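Please set out how the strands, one helix and the ligand surroundings of this model are arranged. The report below works through them in turn.

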Amino acid sequence: MQYDEQLTCSIKKLAEDRDVDLVGVASIDRFEGAPKGFHPKDLLRTTQSVIVIARRFLNGILDELSPESQRLSYKHHMYAHLNTLNTLTAFELGRFLEKQGNRAFVVQPTTPYHAHEFRGVMSHRHAAVRAGLGVFGKNNLVLTKEFGPRQRFCTILTDAELLPDPMIEEDLCKEECFECRKICPVQAWDPESGRFNKPACAHHQKWNRSDQQCKEPCGLCIQVCPLGKEANE
Ligand code: B12
Ligand code: SF4
Ligand code: SF4
């Protein structure tokens, strides 16, 4: 495969100029085995590359989070604001790609959900793993070496043939640690099977079916994770 290394560099530089904390690229072959409706080609038929960007949370707000307080700051900054910033940057990257003669498709950071299944149009977490940004942790979230679980993602699909980043092979979770599961106020993980109860988590966050948003996002399973707590750059 002849990758466009110059275009890959330009895209990454533009993302960095927009203050994105992490950016990675996956090639389309890494999505083999994605269930129907989760494959990038279900959205942009000509997809060759998948770009994932991430912006980290503010440690100050996250560290003050408690079941009773700070939910509104979290919702405003860590949920709504980061989703908006990521969408704007993703759209800008998409426009840049299209100006160079390619096609681009921005995957929404949160909505639209499939209301009854608790799923997005495509999984940013699976894309982030395939773009070499991180790996799944026991909290179901993608952990990065830089910030642990403390970031939100957004994905851009394109038919440009960009140079893929190497994937991370190692497990980043601390071996004996289950802090994320222990702190969950609704015990969303079944202690026997480890299965995650999406409706329980969604209900706790006052997930609203009509506008498909979490009215009171929680995030304790991010806050308690020891990974990325000290990251400050
Ligand atoms: C629906 C949703 C929820 C639901 C369900 C969560 C869930 N575990 O799926 C609810 C409301 C409960 C929720 C809660 C939260 N969420 Co949420 N959520 C989403 C959303 C919109 C879609 C996720 C989704 O589609 N899930 C369904 C699928 C992927 O999960 P699955 O059934 O386990 O998938 C299986 C198969 O379908 C298959 N599969 C799916 N895709 C692919 C692809 C390939 C290649 C393969 C091989 C297989 C495969 O593999 C899976 C395992 O078998 C994403 C945004 C997005 N579009 O990705 C954010 C997202 C996952 N949420 C996020 C966050 C931060 C949260 C919360 C902390 C809330 C908050 N305060 O912000 C909590 C954390 C809960 C937790 N610990 O998991 C972040 C995660 C960031 C990170 N660091 O990883 C995301 C990525 C949003 C973002 N833009 O960054 N969320
Ligand atoms: S977001 Fe809150 S309710 Fe949902 S899994 Fe994490 S700790 Fe549990
Ligand atoms: S809290 Fe512990 S078990 Fe949970 S994701 Fe972080 S390191 Fe892994």
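## Sheet, helix and ligand shells

Strand β2 (residues 49–56) runs antiparallel to β6, and 8 bridges join the two. Helices (H or I, at least four residues) and strands (E, at least two) are DSSP runs, numbered from the N terminus. Two strands pair if DSSP finds at least two bridges between them. This is a predicted model, in which local features need pLDDT of at least 70 and side-chain atom pairs count only at pLDDT 80 or more, while totals for chains, interfaces and linings use all residues. Residues are numbered from 1 along each chain as its sequence is written, and chains are lettered from A and ligands numbered from 1 in the order in which they are written.

In the pairing of β2 with β6, I51 stands opposite I156 in β6. β2 is also joined to β1, by 6 bridges, and these two strands run antiparallel. Here V25 stands opposite I51 in β2. The open sheet has 4 strands in the order β1-β2-β6-β3, with antiparallel pairing. β1 (22–27) and β3 (104–107) stand at the edges with a single partner strand each, so one side of each lacks a neighbour in the sheet. From one strand to the next the twist averages 20°; axes are lines fitted to C-alpha atoms, for helices over the stretch in contact, and angles run from 0 to 180 degrees between N-to-C directions.

A residue is buried if 20 or more other C-beta atoms lie within 10 Å of its own, exposed if 12 or fewer, and partly exposed in between, with C-beta atoms placed from the backbone. Of the 6 residues of β1, 5 are buried, so β1 is largely enclosed by the rest of the structure. K41 lies in the loop between β1 and β2. K41 counts as partly exposed because it has 13 C-beta neighbours inside 10 Å. K41 and C154 are 113 residues apart in sequence and 17 Å apart in space, C-alpha to C-alpha.

Helix α1 (residues 5–17) has 13 residues and reaches 18 Å from its first C-alpha to its last, close to the 18 Å expected at 1.5 Å a residue. The expected span is 1.5 Å times one less than the number of residues. T8, I11, K12 and A15 are the buried residues of α1. They cover an arc of only 95° around the axis, which puts them on the same side of α1; the arc is that of the directions from the helix axis to the C-beta atoms. Q6, C9, K13 and D17 are exposed on the other side of α1. After α1 comes D19, whose phi is positive, near 70°.

The ligand shells hold residues whose C-beta atom, placed from the backbone, lies within 6 Å of the ligand. Ala, Val, Leu, Ile, Met, Phe, Trp, Tyr, Cys and Pro count as nonpolar, Asp, Glu, Lys and Arg as charged, and the others, Gly among them, as polar.

| Shell | Nonpolar | Polar | Charged |
|---|---|---|---|
| Ligand 1 | 22 residues | 11 residues | 4 residues |
| Ligand 2 | 8 residues | 2 residues | no residues |
| Ligand 3 | 8 residues | 2 residues | 3 residues |

Ligand 1 is surrounded by 37 residues, of which R119, G120, N140, L141 and P217 are the closest. Two or more residues of this shell come from each of α4 (124–130), β6 (151–158), α6 (198–204) and α7 (220–223). Around ligand 2 are C184, P185, V186, A188, C201, H204, C218, G219, L220 and C221, and α6 and α7 are the elements that give two or more residues to that shell. Of the 13 residues around ligand 3, those that come nearest are G137, C173, C177, C180 and C225.
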